[in-house]
Amino acid sequence: MKRLLFLLTLFVVLGMQAQQHVMTVDVSKPTARINPAMYGIFFEDINFGADGGLYAELVKNRSFEFPQPLVGWIPFGEVTVQDERPCFDRNPHYVRITNDGCLLRAGLDNEGYRGIGLKKGEDYRFSAYVRTPDTKPMKLSVELVNSNGENLLKKELEVKGSEWQKLTAVLKAPFTDVRSRLRVVLQTEGTVDMDHISLFPVNTWKKRENGLRADLVQALYDLNPGVFRFPGGCIIEGNSLATRYQWKNSVGPVENRPLNENRWNYTFKHKAFPDYFQSYGLGFYEYFLLSEDLGAEPLPVLSCGLSCQYESNEVVPLGELGPYVQDALDLIEFANGAATSKWGKVRADMGHPEPFGLKMIAIGNEQWGEVYPERLEVFTKAIRAEYPDMQIVGSSGPSADGDKFDYLWPEMKRIGVDLVDEHYYMAPDWFFANAARYDDYDRKGPKVFAGEYASHDHPTGKANNFLAALSEAAFMTGLERNADVVRLATYAPLFAHVDAWQWNPDLIWFDNLRMMRTPNYYVQQMYGMNAGTDVLNLQMDGKPVTGQDSLYASAVLDAPTGEVILKLVNAGSRSEKVQIEFSGLKKRQLVSGSCTYLQSDDWKAKNTLEQEAIVPRIRPVEVASRSLSLELQPRSFGVYRLRISTQSK
């Protein structure tokens with residue numbers, strides 16, 4: 001009896017041990033070319049992603065153009081809002097500060113975006129446009145105030161003359177504080193007018209004035225993105241046609257770019273932010289410049305003449321689409337035109353005489369129904385007539401399937417767009433189950449742009465946890481395997497301020513001084529840094545690996561380095577042994593390898609501002625001459641770079 005129990009126990013143990021899986025990779029016959037721009041980023045001004053986030057301006061409502069012009073400001077003494085003889089015609093409001101000689105000083109504080117983040121010893125550039133009707137010079141005090149109310153830095157500046165002039169000063173922060181304030185005080189008896197009061201860190205990305213927050217751009221750069229889609233999203237549509245994003249308002253002198261309503265300040269009634277607007281300080285010129293800095297192809301999105309169909313029924317009649325279509329043509333000229341052209345000159349005057357080399361443009365965001373394709377067709381014909389090589393991106397609507405999706409895809413084929421933008425915000429199970437989504441797509445139709453996607457783990461409040469990240473890694477093996485169909489892919493949304501967000505999950509979270517890369521970020525980075533150039537045929541039991549025994553896999557060749565890159569996901573709760581056999585090597589052989597991997601036993605594990613617990617790690621990999629024996633850890637994603645000998649033996 002004891003022997004029988006021993007044998008039964010042994011059989012159970014052996015049955016529980018991981019079985020050997022054999023995968024094959026054919027190195028000799030790539031199946032598709034990978035778009036160099038394949039993996040990228042999508043930016044939308046949501047979650048305070050632009051003002052208060054990527055855009056490094058620290059002052060909120062710097063030009064007093066909010067509907068309530070003193071939002072963000074705490075005035076003291078005699079402070080009034082004026083608009084007579086303004087400094088800027090499209091931003092006509094300014095403040096008049098009057099010191100009547102009493103003991104109460106006159107001035108105002110700015111609260112910033114949930115505070116102003118300052119770092120001790122760092123320099124900050126203050127500027128303002130000022131004038132005084134008084135004949136004598138006026139003395140201003142510019143102060144940095146910490147969250148305890150202590151004004152530990154004061155800089156005195158002089159104002160003289162009745163005409164508008166720009167006043168500047170560099171302030172060195174005497175403290176580190178995530179919730180400090182800027183204070184401006186009129187010290188002299190008399191009156192001063194002030195407009196466009198601004199405070200920027202000197203240490204912006206590439207130290208540009210009107211620049212971007214350096215740490216956030218560095219995080220984008222580290223993704224090695226191939227494409228950069230901007231500026232949205234739903235803000236392209238606007239809650240009304242009047243509040244749609246109009247790119248022409250976002251270029252030219254930054255002081256005279258008019259304020260626009262941000263639809264995300266009220267879309268979610270339970271998370272309304274009435275102080276959330278678009279200053280357009282981060283505009284289309286800055287977006288193009290950022291694309292260039294990142295080495296990413298710019299992909300601007302423009303209104304098609306429909307406001308957000310979730311919020312409004314506003315539709316521009318077909319006969320009145322002319323200005324909207326002209327906006328698209330003018331944008332292409334702004335990006336690519338000679339410095340002597342009308343809009344090329346605007347770009348050149350802003351500091352970039354060379355063209356940006358725009359190759360793609362998207363018309364519309366998540367529109368649906370007959371009203372969308374009939375308007376898209378008007379845009380497509382006009383753009384093709386003037387710019388026949390420009391790639392045009394259409395939309396399949398707001399969902400991954402359903403009536404809207406099924407109607408729009410044939411319409412996109414009929415119109416002949418180059419790419420169709422698909423969006424899917426789905427549960428992790430959906431991502432695991434859809435790794436084969438594109439295996440049977442039409443190879444002759446328009447290509448796919450996976451323009452907005454993210455795994456939403458609803459039981460955890462849609463946390464950026466390891467389960468969501470691993471499901472995306474598994475799904476992306478299918479994007480990669482079908483790179484002849486899927487040409488672009490971007491996670492969404494990109495940024496979220498921890499104290500002012502409407503939507504989650506998001507790729508990067510930040511406060512006024514720190515930022516945190518999520519596990520989802522590192523999945524995107526591992527793909528972006530290891531995109532390869534050519535898809536290789538990888539199979540197990542004669543089929544693509546799309547979830548059998550919780551395994552997912554893809555393989556690519558990186559032609560410049562001659563390396564084979566494998567992406568392997570084990571979504572199961574136990575280790576899996578995998579033998580990978582390589583064919584087509586001829587007389588070459590594998591000589592070395594490394595693995596960059598993410599792993600966690602806890603599906604709910606996530607990163608925080610205080611600690612990034614889920615980060616990639618690297619280990620060497622032992623190779624045989626033509627095979628690779630691996631034991632894949634449970635709940636893991638690994639990128640294996642394998643070097644092949646270049647000399648025949």
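Reader: What share of the span 451-636 is helix and what share is strand, and how far apart do its end C-alpha atoms lie?

Author: The span is 14% helix and 39% strand, and the end C-alpha atoms of residues 451-636 lie 25 Å apart. Helices (H or I, at least four residues) and strands (E, at least two) are DSSP runs, numbered from the N terminus. The model is a predicted one, in which local features need pLDDT of at least 70 and side-chain atom pairs count only at pLDDT 80 or more, while totals for chains, interfaces and linings use all residues. Residues are numbered from 1 along each chain as its sequence is written, and side-chain values use heavy atoms, with hydrogens and water left out.

Reader: Which UniProt annotation covers residues 451-636?

Author: An unreviewed UniProt entry carries the annotation "domain: Alpha-L-arabinofuranosidase C-terminal" for residues 451-636; such annotations may be inferred rather than shown by experiment, and their positions are given in the numbering used here, with feature names shortened.

Reader: Why is helix 4 (residues 284-294) called largely enclosed by the rest of the structure?

Author: A residue is buried under 20% relative accessible area, exposed over 50%, and partly exposed in between (1.4 Å probe, protein chains only). In helix 4, 10 of the 11 residues are buried, so the helix is largely enclosed by the rest of the structure. Among the buried ones are Phe284, Glu286, Ser291 and Asp293. Their packing partners include strand 3 (39-42), helix 2 (214-221), helix 5 (322-336) and helix 6 (342-349), where contact means heavy atoms within 4.5 Å. Just after helix 4, Gly295 takes a positive phi of about 75°.

Reader: Is Phe64 buried or exposed, and why?

Author: Phe64 has 0% relative accessibility, and therefore counts as buried. Phe64 lies in the loop between strand 3 and strand 4 (73-76), and has a phi near 60°, a positive value in a residue other than glycine.

Reader: What makes Asp549 count as it does?

Author: Asp549 has 41% relative accessibility, so this residue counts as partly exposed. Phi of Asp549 is near 50°, again a positive value in a residue other than glycine, and its place is in the loop between strand 27 (534-540) and strand 28 (551-558).

Reader: How many cavities of 30 Å³ or more does the structure hold, and what makes a space a cavity?

Author: The structure holds 5 cavities of 30 Å³ or more. A cavity is a set of points, on a 1 Å grid over the protein atoms alone, where a 1.4 Å probe fits but cannot get out, and lining residues have an atom within 4 Å of a point. The largest cavity has about 190 Å³ of space, a volume being the space filled by probe spheres set on the points, which are joined across faces, edges and corners. Of the 21 residues that line the largest cavity, the closest to its centre are Asn61, Arg62, Phe66, Leu259 and Ser279.

Reader: Where does the largest cavity lie with respect to domain 2 (39-56 + 205-529) and domain 3 (73-201), and why?

Author: Both domain 2 and domain 3 give residues to the lining of the largest cavity, so the cavity lies between them; the domain bounds come from an automatic or database domain assignment.

Reader: What is the omega of the peptide bond from Phe230 to Pro231?

Author: Omega is near -5° and the bond is cis. Pro231 is found in the loop between strand 15 and helix 3 (234-237). Another cis peptide bond joins Ala492 and Pro493, with omega about -15°.

Definitions and conventions:
1 Å grid on protein atoms, 1.4 Å probe; cavity = no way out; pocket = protein on both sides within 12 Å on 5 of 7 lines; lining within 4 Å.
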